[in-house]
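Hi everyone, thanks for making the time this morning. I'd like to walk you through one model, piece by piece, so please have the viewer open.

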Amino acid sequence: MKKAFIFDLDGVIVDTAKYHFLAWQNLASSLGISFSSAQNEQLKGVSRIRSLEKILEWGNKTISEEEFTRLMSEKNEEYLEYISKMDATEILPDVPRVLDLLISKEQAIALGSASKNARVILDKVGLRDKFQTIVDGTNVSKAKPDPEVFLIGAQELDISPEDCIVFEDSVAGIQAANIANMISIGIGDAKVLHEADYIFKDFTEIKEEFINTLVKTQKV
């Protein structure tokens, strides 16, 4: 059986979440708003516009549309500066092993990320050729938990949602996979990702036997 394995990027394949955190923290600080790592968790899988809106809400701040646009641009420029220095050492443990395992089993592989920088990051870490299709922030108009990004990925691979498996590290991403009627696999904290069908701390816990089971399993 051929399945589609759809991977989120940030926090699943590479840990760019730390760079988002630094950039958002600097932006919040410039506005006199304190910004914690716990709040950063709430921005995972969320669009840049909505992220800035949430930071302003937390700080009870109102800014002009012009400043809003400027701050978003500055945040992205700082983030791009961080990712411009990325290389293969930033790939999270055992991700290449799992990707190569899926390729050896002739399974379809897609990226499904809200990031508009996904292609740049995959090029930087040398993984772009592992994916048959890439769906990112340049292809979608609706943020997770809307399932648009995953449904487009399934469509481009010509595989039904019930035959798709999604790897995600965010609550919004897990919810999006569940709404799309796809098998959801949480990568990270079990307490945070409890809505997922399966949860692993990281890819080192994912064995070949589990992949074989997924290939034979369809979402009910």
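**A histidine, a sheet and its helices**

Let's begin with a single side chain: His20 is buried, because its relative accessible area is 17%, and the cut-off for buried is under 20%. Before I go on, please keep in mind that this is a predicted model.

Where does His20 sit? You'll find His20 in helix α1, which spans residues 17-30. Leaving aside residues up to four places away in sequence, His20 touches Asp10, Asn40, Lys75 and Tyr79. With Tyr79 there is also a polar contact between the two side chains, at 3.3 Å.

That brings us to the helix pair. Helices α1 and α4 pack with their axes 9 Å apart, at an angle of about 145°. Their crossing is right-handed. Who makes the contact? From α1 come Tyr19, His20, Leu22, Ala23, Trp24, Asn26, Leu27 and Ser30, and from α4 come Leu71, Lys75, Glu78, Tyr79, Tyr82 and Ile83. So our histidine is one of the residues in this contact, as are Lys75 and Tyr79 on the α4 side.

Now, please turn to the sheet. In what order do the strands run? The order is β3-β2-β1-β4-β5-β6, so to speak from one side to the other, with 6 strands in an open sheet and parallel pairing. At the edges are β3 and β6, each pairing on one side only. On average, neighbouring strands are turned by 20° against each other, direction ignored.

Let me go through the pairings, beginning at the β3 edge. Strands β2 and β3 run parallel and are joined by 3 bridges; Ala110 has Thr133 of β3 as its bridge partner. Moving on, β1 and β2 are parallel too, with 4 bridges between them, and here Phe5 has Ile109 of β2 as its bridge partner.

How enclosed is β2? The rest of the structure largely encloses β2, because 5 of its 5 residues are buried. Ala108, Ala110 and Gly112 point one way from the strand, Ile109 and Leu111 point the other way, and all are buried. Helix α5, residues 95-104, lies across β1 and β2, and runs at about 160° to β1.

On to the other half of the sheet. Strands β4 and β5 run parallel and are joined by 4 bridges, and Ile165 stands opposite Ile183 in β5. Then β5, residues 183-187, pairs with β6 in the parallel sense over 3 bridges; there, Ile185 has Tyr198 of β6 as its bridge partner.

Strand β5 is mostly covered as well, with 5 of its 5 residues buried. If you rotate the view, you'll see that both faces are covered: Ile183, Ile185 and Ile187 are on one side, with Ser184 and Gly186 on the other.

Two more helices deserve a look. In α6, residues 118-125, the buried residues are Ala118, Ile121, Leu122 and Val125. These residues are on the same side of α6, because they cover an arc of only 100° around the axis. What do they pack against? Their partners are α4, β2 and β3. Right after α6 comes Gly126, with a positive phi near 75°.

Helix α7, residues 148-157, is mostly covered, with 7 of its 10 residues buried. The buried residues are Glu148, Val149, Phe150, Ile152, Gly153, Ala154 and Leu157. They pack against four strands and a helix, namely β1, β2, β3, β4 and α8. Here too a residue with positive phi follows the helix: Asp158, near 60°.

My last stop is Asp202, in the loop between β6 and α9. Is Asp202 buried or exposed? Asp202 counts as buried, because its relative accessibility is 17%, and the limit is under 20%. Its side chain makes a polar contact of 3.1 Å with the side chain of Lys201. Asp189 is 13 residues away along the chain, and the C-alpha atoms of Asp202 and Asp189 are separated by 9.4 Å.

To wrap up, we started from a buried histidine, followed α1 to its packing with α4, crossed the parallel sheet, and ended at a buried aspartate in a loop. Thanks for listening, and I'm happy to go back to any of these views.

How values were computed:
Residues numbered from 1 in each chain as written. Predicted model: local features only at pLDDT ≥ 70, side-chain atom pairs only at ≥ 80, totals over all residues. Heavy atoms only, no water. Helix = DSSP H or I, 4+ residues; strand = E, 2+ residues; numbered from the N terminus. Buried < 20%, exposed > 50% of the residue type's maximum accessible area, 1.4 Å probe, protein only. Polar contact = N/O pair within 3.5 Å; in protein donor to acceptor, adjacent residues only side chain to side chain. Contact = heavy atoms within 4.5 Å. Arc of directions from axis to C-beta. Pairing = 2+ DSSP bridges. Axes fitted to C-alpha atoms, helices over the stretch in contact; angles between N-to-C directions. Left-handed = near helix turned anticlockwise from the far one by under 90°.
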